[in-house]
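Here's a quick walk through the fold and the side-chain contacts that go with it. Have the viewer open while you read.

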Amino acid sequence: MNDQQGTPRKPRNNGAVVLMCLAFVFGMGAASYAAVPLYRMFCQLTGYGGTTQRVEQASSVILDRKIRVTFDANVAPGLEWEFKPVQREVNPRIGETIQVNFTAVNRSSKPSRGQAVFNVTPGEAGVYFNKVQCFCFSDTELKPGETLDMPVVFYIDADITKAVESRNIHTVTLSYTFYPKEGPKPVASSEDKTQKLEKKL
């Protein structure tokens with residue numbers, strides 16, 4: 001078929017269009033999959049979204065100014081635990097390394113495992129909230145009826161008083177939520193594998 005000038009039109013390459021669409025869909029899928037770990041790394045490095053920092057040693061700079069730190073504890077559905085802070089709040093000096101404790105009780109009739117997820121509000125304080133020790137660094141497993149005392153050792157970095165977005169912060173809330181987590185699956189022994197093989201034969 002010709003256009004008004006008499007030039008023949010080129011047939012549309014449907015295969016190329018389909019391939020471009022598929023490449024776009026797969027590219028978007030890969031980008032969204034990578035976005036989660038990249039976002040997590042960004043939060044850990046910057047403190048964005050109230051993500052706290054993990055450090056190996058206590059602070060060497062302690063100011064005279066104090067800051068109020070409150071604690072919030074929650075348990076997600078599916079985990080029959082009672083979880084709460086021993087102290088609802090503390091008032092350390094900025095830069096002072098202190099320890100607070102939380103307790104968890106397994107109210108179910110079977111062993112269960114949980115993982116604590118945390119954040120700090122306001123979010124601008126996250127990059128200055130440094131944890132030296134925390135039960136949230138690993139999974140927690142409790143036997144039926146077991147009570148566990150869980151320490152958190154932390155300090156608020158003195159640089160919080162220098163940044164424009166954080167220097168007027170006087171109260172920080174550290175919040176935890178425990179989520180159920182499956183334990184490691186038992187590894188079959190070579191003896192079990194031999195017995196299964198014999199049954200098949």
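## Two sheets and what sits between their strands

Let's start with strand 7 (residues 129-134) and strand 9 (residues 147-156), which pair antiparallel over 5 bridges. One of the residue matches to look for is Cys134, whose bridge partner in strand 9 is Val152. Keep in mind that this is a predicted model. The protein chain averages a pLDDT of 80, and 67% of the residues score at least 70. Residues 29-50 are where to be wary: pLDDT stays under 50 there, and the model has 21 contacts beyond four places in sequence for that stretch.

Strands 7 and 9 belong to an open sheet of 5 strands with mixed pairing, in the order 1-7-9-5-3. Its edges are strand 1 (53-54) and strand 3 (81-85), each pairing on one side only.

There's another open sheet of 5 strands, also with mixed pairing, and its order is 4-2-10-6-8. Here the edge strands are strand 4 (89-90) and strand 8 (140-142), and each pairs on one side only. Inside this sheet, strand 2 (residues 68-75) and strand 10 run parallel, joined by 8 bridges. Arg68 has Thr171 as its bridge partner in strand 10.

**Aromatics.** The whole structure has 12 aromatic pairs. Take Phe83 and Phe178, an edge-to-face pair at 4.9 Å centre to centre with 85° between the planes. Phe83 is in strand 3 and Phe178 in strand 10 (residues 171-180), so this pair ties together parts that are 95 residues apart in sequence. Both of these Phe residues are buried.

Phe102 and Tyr176 make an edge-to-face pair as well, with 5.2 Å centre to centre and 80° between the planes. That pair links distant parts of the chain, with Phe102 in strand 5 (residues 98-106) and Tyr176 in strand 10, 74 residues apart. Phe102 and Tyr176 are both buried.

Zoom out and you'll find one aromatic cluster whose members include Phe71, Phe83, Phe102, Phe118, Phe154, Tyr176 and Phe178. Lys131 lies over the face of Phe118, 3.4 Å from the ring centre.

Phe154 deserves a look of its own. This residue lies in strand 9 and is buried, because its relative accessible area is 0%. Its C-alpha atom is separated by 5.8 Å from that of Ile98, 56 residues apart along the chain. Beyond its neighbours within four places in sequence, Phe154 is in contact with Val69, Phe71, Ile98 and Phe129, among others.

**Salt bridges.** The structure holds 7 of them, including these:

| Pair | N to O distance |
|---|---|
| Glu89 and Arg68 | 3.0 Å |
| Arg107 and Glu82 | 2.7 Å |
| Arg113 and Asp139 | 3.9 Å |

How exposed is Asp139? With a relative accessible area of 28%, Asp139 is partly exposed. Salt bridges with shared partners join Arg113, Asp139, Glu141 and Lys181 into one network.

As for the other pairs, Glu89 counts as partly exposed at 35% relative accessibility, and Arg68 is partly exposed at 33%. Arg107 lies in the loop between strand 5 and strand 6 (112-121) and Glu82 in strand 3, so their bridge ties together parts 25 residues apart in sequence. Arg107 counts as exposed at 54% relative accessibility, whereas Glu82 is partly exposed, with a relative accessible area of 32%.

Methods. Residues numbered from 1 in each chain as written. Heavy atoms only, no water. Pairing = 2+ DSSP bridges. Helix = DSSP H or I, 4+ residues; strand = E, 2+ residues; numbered from the N terminus. Phe/Tyr/Trp six-rings, centres within 6.5 Å; stacked < 30°, edge-to-face > 60°. Buried < 20%, exposed > 50% of the residue type's maximum accessible area, 1.4 Å probe, protein only. Lys NZ or Arg CZ within 6 Å of the ring centre and 35° of its normal. pLDDT = per-residue confidence, 0-100. Contact = heavy atoms within 4.5 Å. Salt bridge = Lys/Arg side-chain N within 4 Å of Asp/Glu carboxyl O.
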